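Student: I've got a model to go through with you. Can we take it piece by piece?

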Amino acid sequence: MPLVALNHVGKVYQTDGTPVTALDDISLTVEPGDFLALVGRSGCGKSTLLNLCGAMDFPTSGEVVLGGYITTRLNDADLTRLRREKVGFVFQSFQLLHTLSVVENVELPLLLARRPGARGIAMERLRWVELDGHANRLPHQLSGGQQQRVAIARALVHNPPLLLADEPTGNLDSTTGDLVLSILSRAATDFGVAVIIATHSAESVAAARRIVHLRDGRIAPAMAAV
Amino acid sequence: MSFRLLFIRLVVRPMLREPVRTALTVFAVALGVGVVVAIDLAGQAAAGSFHSSLESLAGRGGLSITAIGGIDQQILAELVRLPYSFKFSPRIESFATINGHGEALPFLGLDLIGDASGQDLQGGSQRPLDAATELANDRPIYAGWRLGFHHGQHVRLLIGDRMQDFTVAGVLSHREGEIGLDTLIVVADIGLAQEVTGKPGKLDSIDVQLPPFGSLEQWQGLLRAQLPQSVTISPEGSRTDENRKMLAAFRWNLHVLSYIALVVGAFLIYNTIAISVVRRRNEIGVLRALGATRNLVRNGFLAEALFFGVFGSVAGLALGRVMAIGAVQLVSNTVKSLYVTSEAAPLQFTLGGVLTGLAVGIGVSVIAALAPAIEASQVAPIEAMARGREEYTVRVRSRRSLWWAIAALATAGVCSQMPAIDRQPIFAYTAAALLVAGTSAAIPNLVLFTDAAINRIVERLFAVEALVALRSLRASLGRTSVMAGALAVAVAMTASVGIMVGSFRQTVRVWMNNQLQADFYLRPAGSGAADRHPTIDPDIPDRIQRLPQVAAVDRFRVYAINYDGLPASLGGGQTDAAEMSSQTQFLPGEDSQKILQTLPTGDYAIVSEPFASKHNIHVGDSIHLGLAGKMRAFRILGIYYDYSTERGFIILDRATLLKYLPDPAASNIAVYLKPGVNAEEVRRAIGNIIGGRAVMAFSNNKLRAEAIKIFDRSFRITYALEAVAVFVAVIGIAGSLLALVIDRRREFALLRFLGAAREQVRGIILWEAGLLGLLAIGIGLVLGFLLSLLLIFVINKQSFGWTIQFHLPVLLLAVALGGVYLATVLAGLYPARTAMRMNPIEAIHEE
């Protein structure tokens, strides 16, 4: 059974009463351990697709199956539980809470899920991204690359089978971006996590094992099988 | 681009994008202004523009002759023989209660036969006064139109201790445009009035209309020479002026209290503008980079405050007018209970009042916004764009505020030791303001201290929501400090006034326990008042004393007098020295046994603490009273604690009083029973003696309960003012939390991405509200305690002269502060709901 399956998924937004199609008839499966790059221009629907995969949003047609659950059939509490168990998010602008220390940021998903032993697991993940020495610092005391590594540690702290990264290198220079990509790649290998990256950078594409090109909300046919 | 366009685009539009928050801020200002306007209107109506009830229908511009215990009618006969064209109008001034219930009305006796044209009656009378016709009636009276009587109606009035029947001979209808106080009044011919008030051959006052030439002082001097020394001659309206003077301190303190809500409102304006500055720091940087001057930036934020001030003040005027309807009743009750019988005048907006309301609202708003507006103007373009809000936070943390706090608190300590100026505790109030300012300045440091102290506890004991909330409060230190400051000030004011009133109440209780030792107390029926002292038929105490179960009867007579330009009370008591010494507590250092043994032996007096304080009188001084034709000196033997009236008491021995004012009737009677007798039996026997007289007998417990009821009623207005201040602060908390939610929408969205349930997001906001509430209540309690010391030992003493023992009303404070805490947490509900409903995808992608 695939970890994520999108079956003829469509997403239409209403903007000032005018329908705008973000995704149109997308079918896609993601298996555990996959490293998939969603490539396309800005506004082609990459982020929408990630949000659908992460059960943060619902399709207007078709269905998204995450970990065996059809997301549209779940209520808010079940969706929250599903995200806690199955999904980790990494964002372009890191999105760390500046009021919390590095380790507190990392353990946050565990605390929100009321899981015991949060601090120990968080420290373990920080060691994995080689930032355990910075555990008690505040985010603004770290460089951009370090912040993104903290964000990755946070995304992996609860052992999710799926990691969604939206332009994770967009705010970084190429060297730091490469480092981040290698960590994401290692996550897929070390933890068997399926990684989906939305990107338009060549480096990200090179690191991916599968590439899906999106154009105007549809998967570009020639590239679909790559 | 013009300032107007910039103002609309950069100030008005953002405000309109957050209509709830904008409305809350305007409402907070409106409430602050509303309270000030309401108290001004109510104070003016109930205590300011009031005129002495007893001066109803008095002439204008002439003189008034009065004397303690009344004027002998013979004096009038001598005056009319003077070879000048004076017009003398004798008056009997008393009070009546319709059927013995409700408020007391002025009952005036005027010379309707001999001086019909001289009085102001015919203008309002239903028909011209026809003496022959009226006298043919059975006890004719004229009633003010507002009483609702009609011609020929039979009316029962309680006057003194007797219910008496009268017939309405005419209604004093009001003239167009006049809704004065003379409309709630009963008038009778002077002969009838003398008879029914038990003052045969006596007059309470004589109005003197002066010849149309010569000065008032000249005629006053001339009359002075003709009249005995004991008689007072004063310009008409003096009693009104004296009462107003007496009420000045009360009004002043009420005014100060009314400004509390506005002070809290000022905190909120400061907060609103400070938040605007923090949120738009980047925007300011861009504007500055594009060529905006510092002045433009500063004025933009001041204009925002002006917007709140103008709209809030205009709404506050309307709100104040509505609130004044309730406030006037409360203020009026206090005035009646503690000072003088009066009827509140109609509420009237004056141009001055409107302008004051507007000026106060707009002024406070703009002044409150000055600091953040100047801060905004000092933002350097690069600084703003590079570092954002961190800079602001760091600056707030600076130790400078701690030094300001220490300086303010030290100055407050100095000010609290300074004397009053003209009975107005200006320095003490300055000390209170400095205490508030000093504590506010210390709040950022207190927040940091609290955060450090409870961080571990929160981390270990509570869910992650509490930790995120605590960190967020610490991170937005500036905002947290102002929010906590606003609520802390409101809490402090509530706590301090609560402690002051609670202490006062407890002091009065203890005092009553000492003072009220008799088994029964008797007084004429009708509502009690500080300036009305109807008497009981002397036969009643004499007969009670003959009851075999009765050990002693204490007859106490009180006269409402004027002393040195202020109303006061003159009393005479007859208890034996040993008994009185256990009941009367003198100021420390005075020998009560010796004082009370000396008191009956000559022209000696003891005075109450408020009287001594008001007139700066000390033991050994002499006071002069006009009695039995002469000015008589009474040496002060002691100053005793008294909480029955702020007017102040002069007490003589009953025998001394009777020597000069030989009316044996008592105003109050205390009955002491022999040990072991059946009190219920005696109560019935007293009831039989009272018979048809309208005299009320209270048991000891009932009288105490009655007194406490009056006390509580007197302080309702202060509680109402505190409640409004707390309400304003809670509105502020709601508004600020809403701003915080809008500001941190990305953070909440992120939490949702990280697996937070909607309820957890709500929990964070409610935790923030709860922590803020706790912090504010903690700070407010400490500040409130300090303020209560100022109120009890300095402000009250300087304004009213009462010694109050400190007492902590724990239950009252717990209930009040519990309510405040609950309200604070509830204030977080709407912002929490807003946070829950946010679309996390939209928020997380906002850049």
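Tutor: Sure, one term up front: a residue is buried if 20 or more other C-beta atoms lie within 10 Å of its own, exposed if 12 or fewer, and partly exposed in between, with C-beta atoms placed from the backbone. This is a predicted model, where local features need pLDDT of at least 70, side-chain atom pairs count only at pLDDT 80 or more, and totals for chains, interfaces and linings use all residues. Residues are numbered from 1 along each chain as its sequence is written, while chains are lettered from A and ligands numbered from 1 in the order in which they are written.

Student: Which residues are exposed on the other side of helix 14 of chain B?

Tutor: Helices are DSSP runs (H or I, at least four residues), numbered from the N terminus. In helix 14 of chain B, the buried ones are B:Ala405, B:Ala408, B:Ala412 and B:Cys415. Down the helix axis they fall within an arc of 90 degrees (by directions from the axis to the C-beta atoms), so they line one face. On the other side, the exposed ones are B:Arg400, B:Trp403, B:Ala410 and B:Val414.

Student: Which helix is included in what covers those buried residues?

Tutor: Contact here is C-beta atoms, placed from the backbone, within 7 Å. The cover over the buried residues of helix 14 of chain B includes residues 426-461 of chain B, that is, helix 15.

Student: Which helix gives the largest share of the side of chain B that touches chain A?

Tutor: The contact takes 19 residues from chain B and 21 residues from chain A. On the side of chain B, the largest share is five residues, from helix 16.

Notes
Helix = DSSP H or I, 4+ residues; strand = E, 2+ residues; numbered from the N terminus. Contact = placed C-beta atoms within 7 Å.
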